[in-house]
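This report looks at one sheet and its surroundings, and then turns to a single residue in another chain. Please keep the sequence and the structure in view while reading.

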Amino acid sequence: MKKMIFVLVMMVTILSGCTKQTPVIPLIIYNEADPYMYEFAQYIIDKAPSEYTVVSYDSQNSQLIQNEFIEDAFKKNSKVVIINPVDRLGAYTIIEKAKSENIPIIFMNREPLKEDLNLWEHAYYVGAPAAHSAVLQSEIIMDLFGIPLNLNELDRNNDNIIQLIILKGEQGHQDAETRTDVVIEELENHGYALEILSIEICDWKTSLAYDIMNELIPRYQDQLELVISNNDAMAIGAIEAMVEHEMFVDIDENGFIDHETDTWIPVVGIDGIADAVDLIKSGYLFGTVLNDSESMAEAIIELATAIINGEDIHNIGYEIIDNKYIWVDYQKYILEEE
Amino acid sequence: MAKYTKGFSIGQSILISTFLIVITSLLVVTIGGFLNFNSTTSGIVESTSKEINKQIILNYENYIDSVINTANYIQRKTVEYGIEDRNDELKDIYIQAADLQQDIVSIVLVDIAGNEVINSSSKNLTDEDITQKRWYYDAISNAAIFHFSSPHTQDIYEDSIEEVITITKLIDFYALGIKHSGVLVIDLNTYNLVKLANTTNLGDQGHIIILNDDNSLIYASNSSCTNNNCESAIIAQDIIIGGQNVTINDLSMYANVNTLKNTRWRIATFINIELVENTRTSNIVFSGTIFVITLSITILVSTIISKRISSPVNKLKDHMQEIQKGNFYNKIALEGQKEIVVLASSFNSMIEEIRELMDTILVEQKEKRKTEFIALQTQINPHFLYNTLDSIVYLSENHMNEEVVEMVVALSKFFRISISRGKNIILLSEELEHARNYLLIQQIRYNKKFTFDFNIDENVKSCKVVKLILQPIIENAIYHGINTEYNEGSIQIRAYEKNKKLYLEVEDDGYGITPEKIQELKAGFKDQSKAKSVGVRNVYQRLQLYYGAESDFIIESELDVKTIIRLIIPIEKEV
């Protein structure tokens, strides 16, 4: 009889008793098909200390899928949940739920409304100030085109007006709105005359930017002097389309677009993803604004670690503004002319 | 197992162990099955409900997307045409857009002061201050997003009674080449909202409710829910986001709350899962019934089996107890399992054997007792005979012929009775005669130093007694009871019936016996080594051998007055 009980106890122990695992911190990404976010997520996963594991979930650009991941994460009583929201308006509900479950949440990349963030004491946002990226982007453009009303040879028709196409991110994404508005505003404020040929919403996507540019190029091929993109992915799509329409020609076929001798149109992006950096090095993409995702990843991990260990979040290496925000600045990235 | 059944009968052991085994396996199977069924159905209910909820949300998302696309289109055209200074054509764009989509009631652009810029409708704007409207305030408070109002009576126009949802956004527009900010106001009727809710089958009383971010009710597909205090709305507010089982109007529902993209709305679906719950309940009832039936059958069968096994064993046990009491003459007849029958027949033959053995022993014992009895009987005579013959010699030498004759006659009678043709049992009259002859002989020997007297009830004379029981007692009375030196002794012999027993008494008036002496005498009866008086002990032993516990031997004595030895034996009369 005793033996039987022993065997039963052993079986139950074996069946139920897996070895104690380190806590899992869910990282819920809006869409891993977005190369920038994919890279960003990898930084976060890699930087996580050994005391916990960060596991990323791909919401496939669906708030519904994301909601399910979040519901699961809350049910599992995660000590903190890192969320890159699909829909920044949906963040309101997520924050309400997190508050009722008493689970701290860190938002990244897409900033929820301030009023929503203020609903829950332990809701944070780590990101880059969207406006700043556009300011830097405008600086790159200003350096490139020279003095207003006396533009250099990149003003192809010499009308002192920059004819440009803007590739906008997702409608409703505040970064898209802000980047677009601020870059135009900055250029105009500095006295540059602009002719916006078109503002196209390409949802941050390379493929969509490629398709849309393919439609636009026949109309604007002769006028176009500049492409401003809200992010690198769309800039890459635009370059692909323009290469097909021979707006980029590597005349000496050295695999590098020489801005002095080869045919090219300036394209400026934001984010600084690896593919974009490669294109800058080969001369196709003129410049980008480095969204310092590595530093942001570091800030997120430091914040998460402090929350998990119950330490004072103000002692981490990043300044926390209003008990809510950690801002990590952008950096300009262009090819240094030899 | 055996350890725990100590103290249980076979029947109980069988019953208990069968019961335990069956109840354990039944419990495991029923509970396991039920839990399995439960979790499976719960999983199915949850995933199905979530899928349905997702589908509904997607439908609404598509709808909201189409509205937002229209708004984006308007926004883009407003900027485009504004820059190109074609604002007069813009009104047509607005009108077209409003016409194209069935549920758009109106599209209006107002400037920051609330004055009409473009109006898709021919109706005039209200006189009221538009900047005081909630939707206007929302739009300018956050420029980045579209604002969806709760349903309300259209209030951008005079006299409109239409129920609308107002979507607003702060946009740029150009007037005479100058950029202004304005509020784009799109009023939607609830046609699509209602239509979409009705396209999905949510089961009986299943419904959809839509809540705004302040938990106010935007829409409810069930008529019972008219404000945000209705049961469903409260549940949805409570869940915030996610799914769980709830009960509404005593119906089991799966509630699922999700966000709606591009809005701050939440859509809660309530799907009737009563059918699943009913199935679950009937499953419980079914399992329970099976459980009870199986258990009853088990109890019944195991009771019968245990009875069948234990009842012959019990019979055997009772029979054995009977044998313990000494009853060897009943045979046991058992039916049932082979083993038991074999056991019973072996038992029977064993008992037979024992009985035969015991009978043999009994016979042998009887023989032995008989031999002993005879031996005891024969012990009496020799020295009396020597003494008597000595007396006769003495009498002859003194020429006391008369006494010689008397003595020889008495002796002859004495021996005749003593021998009594080998019989052990004689009539009391014969025994008394024998005693008298003895007394006569002794009287002569003792020179008439004592007298004797018989006092016999007539009716006991024909009683049968073991022979030669009085003579040794009388001998004892003569030797120890009569003071031959000083005075004549007297010996009384009495026989009577009392309490259906025969009483034989020999009384003398000699010295008497001290109580200590009586104790010694009685001890001597049982232990030969302590025996003082051979004759008396002989009588006692023969009475015990022949009559057993039914006889008694009593010694009463008063010192210097008298001594009575009383023999009590069962009355046995000649038939």
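In this predicted model, helix H4 of chain A, which covers residues 91-101, lies across E3, E4 and strand E5 (123-127) of chain A, and its direction runs at about 160° to that of E4(A).

The strands beneath this description belong to an open sheet of 6 strands in chain A, whose order is E2-E1-E3-E4-E5-E11 and whose pairing is parallel. Strand E2 (53-58) and strand E11 (325-327) of chain A have a single partner strand each, so they stand at the edges, and one side of each is left without a neighbour in the sheet. On average, and with direction ignored, neighbouring strands of this sheet are turned by 20° against each other.

One of the pairings can be followed in detail: strand E3 (residues 81-83) of chain A runs parallel to strand E4 (residues 105-108) of chain A, and 3 bridges join the two. A:Ile83 has A:Phe107 as its bridge partner in E4(A).

The table gathers the residue ranges of some strands of chain A.

| Strand | Residues |
|---|---|
| E2 (chain A) | 53-58 |
| E11 (chain A) | 325-327 |
| E3 (chain A) | 81-83 |
| E4 (chain A) | 105-108 |
| E5 (chain A) | 123-127 |

In chain B, B:Phe450 is found in strand E13 (residues 450-456). Is B:Phe450 buried or exposed? B:Phe450 counts as buried because it has 23 C-beta neighbours inside 10 Å, and 20 or more are needed for that label. Leaving aside residues up to four places away in sequence, B:Phe450 touches several residues, including B:Gln443, B:Ile478, B:Ile482 and B:Ser490. Although B:Phe450 and B:Ser490 are 40 residues apart along the chain, their C-alpha atoms are separated by 5.3 Å.

How values were computed. Residues are numbered from 1 along each chain as its sequence is written. Chains are lettered from A and ligands numbered from 1 in the order in which they are written. This is a predicted model: local features need pLDDT of at least 70, side-chain atom pairs count only at pLDDT 80 or more; totals for chains, interfaces and linings use all residues. Two strands pair if DSSP finds at least two bridges between them. Helices (H or I, at least four residues) and strands (E, at least two) are DSSP runs, numbered from the N terminus. Axes are lines fitted to C-alpha atoms, for helices over the stretch in contact, and angles run from 0 to 180 degrees between N-to-C directions. Two residues are in contact if their C-beta atoms, placed from the backbone, lie within 7 Å. A residue is buried if 20 or more other C-beta atoms lie within 10 Å of its own, exposed if 12 or fewer, and partly exposed in between; C-beta atoms are placed from the backbone.
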